[in-house]
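Reader: Could you pull up the model, so that we can go through it together?
Author: Certainly, here it is.

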There are 2 protein chains.
Amino acid sequence: MEDKFKQLKTLLAEISDLIAADALLGWDQQVNMASGGAQDRSEQISTLEGLIHKKATSSELGNLLHNLESEFKNLDTDSDDVRLIKVARRDFDKHTKVPNEFVAEFARLSAVSQNTWEKAKKESNFSIFKPHLEKLVEMRRQYAGFFKPYVHIYDPLLDDFEPGLKTAEVQGIFDGLRPKQVALIKAIKEKPQVKSDFLRLNYPEKGQWDFGVEVITAFGYDWNRGRQDKSVHPFTTGFGLNDVRITTRVSDDYLNPALFGTMHECGHALYEQGIDQKYKRTPIAGGVSDAVHESQSRMWENLVGRSFAFWKHFYPRLKEFFPSQLGNIELDTFYKGINIVEPSFIRVEADEATYNLHIMLRLELEIALIEGSLSVADLPAAWNAKMKEYLGITPANDAEGVLQDVHWSCGLFGYFPTYALGNLISAQLWETLRRDLTDLDAQIEKGKFTDLLDWLHKNVHQYGAKYEPQELVQKITGSKINPDAYIRYLQDKFSKIYGLD
Amino acid sequence: MEDKFKQLKTLLAEISDLIAADALLGWDQQVNMASGGAQDRSEQISTLEGLIHKKATSSELGNLLHNLESEFKNLDTDSDDVRLIKVARRDFDKHTKVPNEFVAEFARLSAVSQNTWEKAKKESNFSIFKPHLEKLVEMRRQYAGFFKPYVHIYDPLLDDFEPGLKTAEVQGIFDGLRPKQVALIKAIKEKPQVKSDFLRLNYPEKGQWDFGVEVITAFGYDWNRGRQDKSVHPFTTGFGLNDVRITTRVSDDYLNPALFGTMHECGHALYEQGIDQKYKRTPIAGGVSDAVHESQSRMWENLVGRSFAFWKHFYPRLKEFFPSQLGNIELDTFYKGINIVEPSFIRVEADEATYNLHIMLRLELEIALIEGSLSVADLPAAWNAKMKEYLGITPANDAEGVLQDVHWSCGLFGYFPTYALGNLISAQLWETLRRDLTDLDAQIEKGKFTDLLDWLHKNVHQYGAKYEPQELVQKITGSKINPDAYIRYLQDKFSKIYGLD
């Protein structure tokens with residue numbers, strides 16, 4: 001048994017190494033590579049991923065898991081070894097239940113669909129994208145079929161991003177959230193608005209970059225095990241636990257993208273950097289789920305980075321970088337400006353109070369598409385109706401409506417909810433950790449984040465992917481994922497900013 | 001047969017892709033990676049290289065080659081397909097004739113030996129390194145044994161870097177070169193010396209970098225298929241033919257490293273960028289040999305970059321970057337300064353006239369070690385004796401003598417001659433190409449390199465590794481590798497600079 005377990009770990013370590021190499025090929029493509037290398041790089045990535053797939057679906061791995069599962073069945077179900085086998089089994093089943101030909105066909109469809117979506121978005125013409133989206137929906141339905149039996153056809157799709165979470169649970173969570181968040185936005189709309197135009201001045205890149213570096217250094221980002229670069233779309237990636245890199249983008253006429261984007265990606269990176277080294281080169285050496293990962297990025301970006309306490313410390317420093325732009329802007333004005341609530345069409349530009357509504361809209365529509373209760377032909381109208389209902393606005397065209405996001409064109413169904421769940425979890429964790437760290441505001445006002453990061457390491461990060469998301473949230477907060485803490489957070493924050501009753 | 005050939009190409013393409021990924025892991029480690037990632041990275045590299053080795057020695061590959069060799073035996077031996085099989089066969093034999101356990105043991109020995117060598121060099125104490133070097137020599141002798149029969153035990157070692165070249169040939173070449181080069185240096189020594197102290201002033205990094213970029217852009221480096229970064233040790237690497245990257249290092253108190261290092265690495269890169277795309281993802285998509293590769297780097301660095309014609313064009317531009325440092329230095333003084341001949345202890349700092357002697361010394365010593373005619377214990381004394389004989393100087397200690405180079409500590413025996421052979425080939429090619437490009441000097445004086453690069457593409461680069469080095473040099477110049485052109489080049493150049501008779 002010892003021998004077999006060692007064999008398993010060796011095989012998983014090899015797969016981890018190949019995944020790391022593949023991730024580096026991707027990082028380099030976005031950060032460094034000149035455009036002439038694109039075709040060769042896609043072949044290199046395809047070869048690497050083919051090899052990873054081969055190893056991840058090998059009968060060698062299947063046999064090892066099978067043997068070890070029966071050997072380990074009487075051990076403590078919470079032990080690292082049992083959990084490792086459980087996570088490896090989950091990955092193995094995901095990889096083997098879907099036929100290779102299906103995977104290949106879906107990859108082709110998704111490549112073509114992305115091109116078509118780009119064109120459709122550019123021309124704001126949904127009908128160009130429609131036939132491809134119909135095929136994508138149909139193939140996602142087929143994909144779910146490989147994981148029968150299920151309670152809801154959307155369950156297997158969701159499970160790819162949130163292991164163990166069910167459609168009914170997500171719907172329940174959002175049903176509790178939606179009316180309260182809609183009501184909050186309406187209440188805010190009736191109050192005097194705040195100004196934020198000073199965020200859209202000329203802010204030279206170097207100052208933005210240097211300020212961001214100061215902030216995330218204070219957060220505790222370990223520069224000895226990572227680095228920051230520029231890329232068109234910011235992202236976090238890692239090649240093992242000791243090389244976790246982030247990228248950011250800087251707009252020289254808008255402060256927000258680099259400012260909050262840097263904190264956001266740093267939040268993701270702090271998670272990965274905080275995973276216990278004993279999980280190195282295993283499938284546990286990653287986040288629990290996309291939502292739990294997002295809870296970390298959103299916590300540092302919003303709960304910390306958009307808090308009054310944070311800016312009490314950092315605003316004077318930011319003013320030193322940009323004296324002419326911010327010299328006459330008071331702290332209070334700045335704080336309100338970065339927290340402005342404005343219903344808008346584009347998800348990625350949405351504020352904390354409206355963001356989740358963009359997600360719920362997408363989730364409801366994609367569940368309906370996958371169920372078959374909504375046809376692709378009716379999607380644009382359904383989109384616009386929900387925008388009106390939740391946010392009170394109607395897109396002028398499909399480019400700023402149903403065509404805005406890349407996700408569906410890549411076949412990503414089941415991913416959107418993770419963004420909103422991440423927000424909810426961040427608030428649940430925040431309420432819990434504030435009970436332990438009673439002087440957290442005072443620490444943040446001094447620019448000290450050590451206790452906060454230690455708490456997150458101890459309670460969230462160290463475990464890597466050992467637990468499932470509901471299990472982890474329950475273990476830490478005493479409840480499963482639910483919207484109450486997030487609603488309390490929004491109501492408290494925006495009541496003060498907008499003077500709600 | 002068609003099918004089998006397709007299978008072979010697919011397998012070789014996969015191996016090429018893995019080699020590219022492995023090269024990226026290495027490039028990134030030297031250019032980007034923070035130090036905390038070192039341990040994980042070495043595991044990733046080891047996994048990748050293990051997989052490459054497995055595929056490169058697989059019975060699948062062996063069988064394909066075996067079948068295709070008999071099928072192809074009546075085809076034109078100069079056809080691309082036949083040559084591909086020949087090159088693949090050579091690689092396969094190299095990989096399979098050496099037992100895996102030997103490779104692993106040698107890798108361990110070489111890792112330990114490098115550490116020991118570093119310590120020995122730091123303390124200038126050869127005795128620390130001696131037992132490791134003895135083992136390394138013994139294992140290299142064993143290595144040669146796997147390739148029996150051979151005429152000379154050094155042949156198989158040399159063949160790893162110069163396919164097809166034999167020890168007797170190299171000895172013959174250098175026997176012709178040595179006395180003439182020794183005589184030249186003695187003649188120079190008796191003449192009034194030139195000054196070069198202006199090269200060692202404060203030269204801010206940015207100017208050096210920008211000037212280097214201008215120069216290699218003029219050479220024809222394709223920035224759409226590569227990039228330049230900084231690293232401690234400059235090198236060129238590629239991930240396929242369309243992403244060939246160079247690195248450089250900049251000393252802010254010495255102009256030469258960045259200036260000539262950048263041209264040198266660009267020369268390597270122009271070779272790889274010039275290989276015909278039809279060889280993509282095959283083992284032909286690389287240089288013929290280390291010596292032919294070095295002929296390209298040395299040509300751009302020395303034949304072009306240390307020529308009077310080059311500086312007639314570029315010196316005014318360099319002065320614009322560094323007016324205070326070079327304002328009072330005339331073109332003629334500058335040209336002589338960058339071509340100063342000074343016997344010195346350290347190979348990597350040696351000038352064109354003395355460089356080959358450093359190499360010959362090493363070659364003679366390593367042949368003697370491998371033959372067994374020289375013991376490791378006697379090596380330092382033998383080194384110093386040859387330094388005295390060839391260069392007229394004696395190292396003060398082993399750190400600036402026998403311990404200076406890393407090569408032997410990594411088990412690299414057979415590599416040193418490629419440096420000097422590269423110089424010789426560069427001059428042979430230069431004489432040949434000047435017969436075709438009759439106004440080359442005039443073009444270089446205008447900063448035009450298109451005809452030169454086109455000639456090299458057409459005659460050298462496009463073929464990749466299709467030919468063996470002697471075959472290629474013969475094909476282009478009408479003779480095998482020989483020292484005559486290089487001696488003519490040195491005598492002509494330094495007679496003018498030093499006013500020899």
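**Salt bridges, interface and symmetry**

Author: This is a predicted model, and over all chains the structure holds 82 salt bridges, a salt bridge being a side-chain nitrogen of Lys or Arg within 4 Å of a carboxyl oxygen of Asp or Glu. Being predicted, the model is read with limits: local features need pLDDT of at least 70, side-chain atom pairs count only at pLDDT 80 or more, and totals for chains, interfaces and linings use all residues. Residues are numbered from 1 along each chain as its sequence is written, chains are lettered from A and ligands numbered from 1 in the order in which they are written, and side-chain values use heavy atoms, with hydrogens and water left out.

Reader: How many salt bridges are there between chain A and chain B?
Author: The count between these two chains is ten. One of the pairs is Glu43(B) with Lys280(A), where the closest N and O atoms are 3.9 Å apart.

Reader: And which helices of chain A supply residues to the side that touches chain B?
Author: Helix H1 (2-31) and helix H2 (38-56) of chain A each supply at least two residues of that side, helices being DSSP runs of H or I with at least four residues, numbered from the N terminus. By type, the residues of the side of chain A that touches chain B divide into 13 nonpolar, eleven polar and 13 charged; here Ala, Val, Leu, Ile, Met, Phe, Trp, Tyr, Cys and Pro count as nonpolar, Asp, Glu, Lys and Arg as charged, and the others, Gly among them, as polar.

Reader: What area is buried between the two chains?
Author: About 2,800 Å² is buried between chain A and chain B, with carbon and sulfur atoms giving 52% of it; buried area is the accessible area (1.4 Å probe) that two parts lose on being put together, summed over both. Leu24(A), Asp40(A) and Gln44(A) supply 16% of the area that chain A buries against chain B, more than any other three residues.

Reader: Switching topic, how are the two copies related?
Author: Chain A superposes on chain B by a rotation of 180 degrees with 0.0 Å of shift along its axis, at an RMSD of 0.0 Å, the fit being by least squares on the C-alpha atoms of residues with pLDDT of at least 70 in both copies. The two copies are therefore related as by a two-fold rotation axis. The same surface serves both copies, since 100% of the contact residues of chain A recur in chain B, contact meaning heavy atoms within 4.5 Å.

Reader: Which residue of chain A comes closest to that axis?
Author: That is Ala21(A), with its C-alpha at 3.3 Å from the rotation axis.

Reader: Where is the cis peptide bond in chain A?
Author: Lys148(A) and Pro149(A) are joined by a cis peptide bond, with omega about 0 degrees, and Pro149(A) is found in the loop between helix H6 (126-145) and helix H7 (155-159) of chain A. In chain B, a cis peptide bond joins Lys148(B) and Pro149(B).

Reader: What about confidence in chain A?
Author: Chain A averages a pLDDT of 96, and 100% of the residues score at least 70, pLDDT being the predictor's confidence in each residue, from 0 to 100. For the complex, the predictor gives an ipTM of 0.94 and a pTM of 0.95.
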